[in-house]
Amino acid sequence: MAEKRKKIYKALVDGATDGLSDKALYDFVVERCPKTSSKKIVRAALFALTDPDVTDRHVLNTIYALAIKHRMSEIANGDTGDDQDAEVEVAPSRKSTKRRPARSTAPPVAVVSGSEGR
């Protein structure tokens, strides 16, 4: 893991362990890592959520809530999280076709009434 992300991760876990949450936790992380961004905090939070050493449920819930809140704000602002400027691939369109019922190749069946055969 990059040194900067590790520092953000450590600040997140320390702040959540101290009982900080939401805005107070975000401000704590920004104070300890002044050049961080919301995107970097979300990435560090996701790493913290997958770290087997972090086992306190309250800490995990606090970090999860912070990550979701800031990820949703990024999406609302138009950032999809893609770091690359890749071209968007458009799926090919499918033309609708009207299908006619298929004609049977079997010869027509003659209907015989039940009273004539007796």
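The following exchange asks how some labels on this predicted model are earned.

Author: The model is predicted, so local features need pLDDT of at least 70 and side-chain atom pairs count only at pLDDT 80 or more, while totals for chains, interfaces and linings use all residues. Residues are numbered from 1 along each chain as its sequence is written, and side-chain values use heavy atoms, without hydrogens and water.

Reader: What makes Asp 14 and Lys 10 a salt bridge?

Author: The term requires a side-chain nitrogen of Lys or Arg within 4 Å of a carboxyl oxygen of Asp or Glu. The closest N and O atoms of Asp 14 and Lys 10 are 3.5 Å apart. Therefore the pair qualifies.

Reader: Why are Asp 14 and Lys 10 about one helical turn apart?

Author: Because they are four residues apart in helix 1 (residues 3-17). Helices are DSSP runs of H or I with at least four residues, numbered from the N terminus; strands are runs of E with at least two.

Reader: Why is Asp 14 called partly exposed?

Author: Buried means under 20% relative accessible area, exposed over 50%, and partly exposed in between (1.4 Å probe, protein chains only). Asp 14 has 22% relative accessibility, so the middle label applies. Lys 10, at 46%, is also partly exposed.

Reader: How do you know that Arg 32 and Asp 14 meet in a salt bridge?

Author: Their N to O distance is 3.2 Å. That satisfies the cut-off, so the label holds. Arg 32 lies in helix 2 and Asp 14 in helix 1, so the pair ties together parts that are 18 residues apart in sequence. Lys 10, Asp 14 and Arg 32 are linked in a network of salt bridges.

Reader: How many salt bridges does a search of the whole structure find?

Author: Four. Among them is Lys 23 with Asp 27, the closest N and O atoms being 3.1 Å apart. Both residues lie in helix 2, four residues apart.

Reader: What makes Lys 23 exposed and Asp 27 partly exposed?

Author: Lys 23 has 51% relative accessibility, so it passes the exposed cut-off. Asp 27 has 35%, so it falls in the range between.

Reader: What is notable about phi of Asp 22?

Author: Phi is near 50°, a positive value in a residue other than glycine. Asp 22 is placed in helix 2 (residues 22-32). Its relative accessibility is 39%, so Asp 22 counts as partly exposed.
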